[in-house]
Amino acid sequence: DNISYNVCKGGFVMLVAMNDQGQSLVLTKSLTEATLKQLRATNFYCPQCKEKLVLKAGAIKIPHFAHTAYSNCDLSFAEGESYPHLLGKQQLFEHFHDQKYDVQLEKYLHDIQQRPDLFVRTKRLYALEFQCSRIPIELMEKRTNGYKRCGIIPVWLLKTPAVPIRPGKILKSSFSLFYQQFMDEHTVTTYDPFNRQFVYFCHCMYLHGNSFLSEVRVVPLAAQVFPFYEPKPLDEKQFELMFHQYSDYRKQYLHRRLFYSRKGVNDLFLRGIYELGLQRGNLPLYIGVPVRHAKAIPMFSVEWQLLLFYFIHCHGLTIGSINESTKHYFLTWANLPTIQQAFLAIDEYIQIVRKLSIGDVSSECSKEQLIRVLYSEIVAI
């Protein structure tokens, strides 16, 4: 009768069921063992498919309802349930219910045949999905669009990844593509049911691959409100600390990239450094800086920004003469994706270079000036 830490094998399970009188029962932690034992004699039915359910209340894991066998209802919710998922949505429901929010657990929305973990009604309607397992982005988008068609705001909450949590510190973290698709305004919002706390990875600054710098902030469940707390922007001092860590990563990346390349003369990056007359270990500070849409270009900033200056050099251009067709040509020339976000990343970088009054790679700027401009372009806007 116990739910394991793995996805349950018995189909979709739930914390809400209907009795013979059509009344709902929500399985909360307040139900005693004696009460659960008495409830075993009651008939319970699925609010969606009306099939009979079995109340499973083991001594170790969370009590839950389950279908007696696989059914069409199970197939509609084929992800199954994990222990963290059941624990998390139970905690979230009880917290917001105790805080007098109008909240329903596992409400079935018949028009779109979807069942959010929590349905919250304030001045607006919200569907909260506590996502503990990977799902295809197509399924996430389908659910999101379904809610929006009904005038419901979807809120996706991820399970906190198993990484060291150091509140208030700037950490280098790795986020899979699954986590990245939920990165809202450079913040990943997660919930840790075992420690009853929300963990925010704020102001995510893209590095390379799946690596990001982020500031970690923790909000205990008892202090959480709905809609969720939104992180405040970085102040200039915090941004400077994050930029220093970004610069350290840039230095490490350059060391690996410059001294362990196996392409030789066929390495466009190394050839660009040579033909621009730059010192390999001392590139200008403004080559290799963060921009808001950097994630769209699957290459660390120091590399594609150097290639942009090399492209300008090779084609007799200037920063001021770059237009839309030139940007498209550059992305193709550098073998980079020609997507809208990549164009935005180039626009953002050109704006930074112009604000620094950089004409070519012989131009100079101070670190203080660079940080000031970056802050105005990345945070202050």
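Which helices and strands each supply at least two residues of the lining of the largest pocket? In this predicted model, the elements to select are α4 (137–149), β10 (152–159), β12 (188–192), β13 (197–208) and α6 (236–259), each of which contributes at least two residues to that lining.

**The largest pocket**

With those elements coloured, turn to the space they help to line, which amounts to about 1,600 Å³ in the largest pocket. The lining comprises 48 residues, and for a view of the centre the ones to select are M183, D184, E185, H186 and T187, which are the closest to it. If you colour the lining of this pocket by residue class, you will find 32 nonpolar residues, nine polar ones and seven charged ones.

While strand β13 is still selected, pick out H203, which lies in that strand and has a phi near 55°, a positive value in a residue other than glycine. H203 counts as buried, because its relative accessibility is 16%, under the 20% cut-off.

From there, move to the loop between β14 (211–220) and α6, where P227 has its place. The peptide bond to select is the one from F226 to P227, which is cis, with omega near -5°.

**The nonpolar cores**

Next, select F239, Y286, W304, F309, F330 and Y349, which touch the most other members of the largest nonpolar core, a set of 78 residues. Helix α8 (residues 301–314) supplies the largest share of this core, namely nine residues. Centring on Y286 and leaving aside its neighbours within four places in sequence, you can follow its contacts to Q305, F309, Y349, L356, I358, D360, V361, S362, S363, E364, C365 and L370. Another core, of 37 residues, lies apart from the largest one, and V16, L36, L105 and L128 are among its members.

**The salt bridges**

The structure holds nine salt bridges, of which three are worth displaying in turn. Begin with K89 and E106, whose closest N and O atoms are 2.7 Å apart. This pair links distant parts of the chain, since K89 belongs to helix α3 (residues 83–98) and E106 to the loop between β7 (102–105) and β8 (118–121), 17 residues apart. Are these two partners buried or exposed? K89 counts as buried because its relative accessibility is 1%, and E106 likewise counts as buried, at 3%. Add D117 to the selection, and you have the network into which salt bridges that share partners join K89, E106 and D117.

Then select E324 and K327, whose side chains meet in a salt bridge at 2.5 Å, N to O. Both residues lie in helix α9 (residues 324–333), three residues apart, which is about one turn of the helix. K327 is buried, with a relative accessible area of 5%.

The third pair is E377 and K355, whose side chains meet in a salt bridge at 2.8 Å, N to O. Here too the pair links distant parts of the chain, with E377 in helix α11 (residues 367–378) and K355 in helix α10 (residues 340–355), 22 residues apart. E377 is buried, with a relative accessible area of 16%, whereas K355 is partly exposed, with a relative accessible area of 41%.

**The last stop**

Finish in the loop between α10 and α11, where S357 lies. Although S357 is not a glycine, it has a positive phi of about 60°. With a relative accessible area of 60%, S357 is exposed.

Terms used. Residues are numbered from 1 along each chain as its sequence is written. This is a predicted model: local features need pLDDT of at least 70, side-chain atom pairs count only at pLDDT 80 or more; totals for chains, interfaces and linings use all residues. Side-chain values use heavy atoms; hydrogens and water are left out. A nonpolar core is a set of buried Ala, Val, Leu, Ile, Met, Phe, Trp, Tyr and Cys residues joined through side-chain atoms within 4.5 Å. Buried means under 20% relative accessible area, exposed over 50%, partly exposed in between (1.4 Å probe, protein chains only). Helices (H or I, at least four residues) and strands (E, at least two) are DSSP runs, numbered from the N terminus. Contact means heavy atoms within 4.5 Å. A salt bridge is a side-chain nitrogen of Lys or Arg within 4 Å of a carboxyl oxygen of Asp or Glu. On a 1 Å grid over the protein atoms alone, a cavity is a set of points where a 1.4 Å probe fits but cannot get out, and a pocket is an open set with protein on both sides within 12 Å along at least five of seven lines; lining residues have an atom within 4 Å of a point. Grid points are joined across faces, edges and corners, and a volume is the space filled by probe spheres set on the points. Ala, Val, Leu, Ile, Met, Phe, Trp, Tyr, Cys and Pro count as nonpolar, Asp, Glu, Lys and Arg as charged, and the others, Gly among them, as polar.
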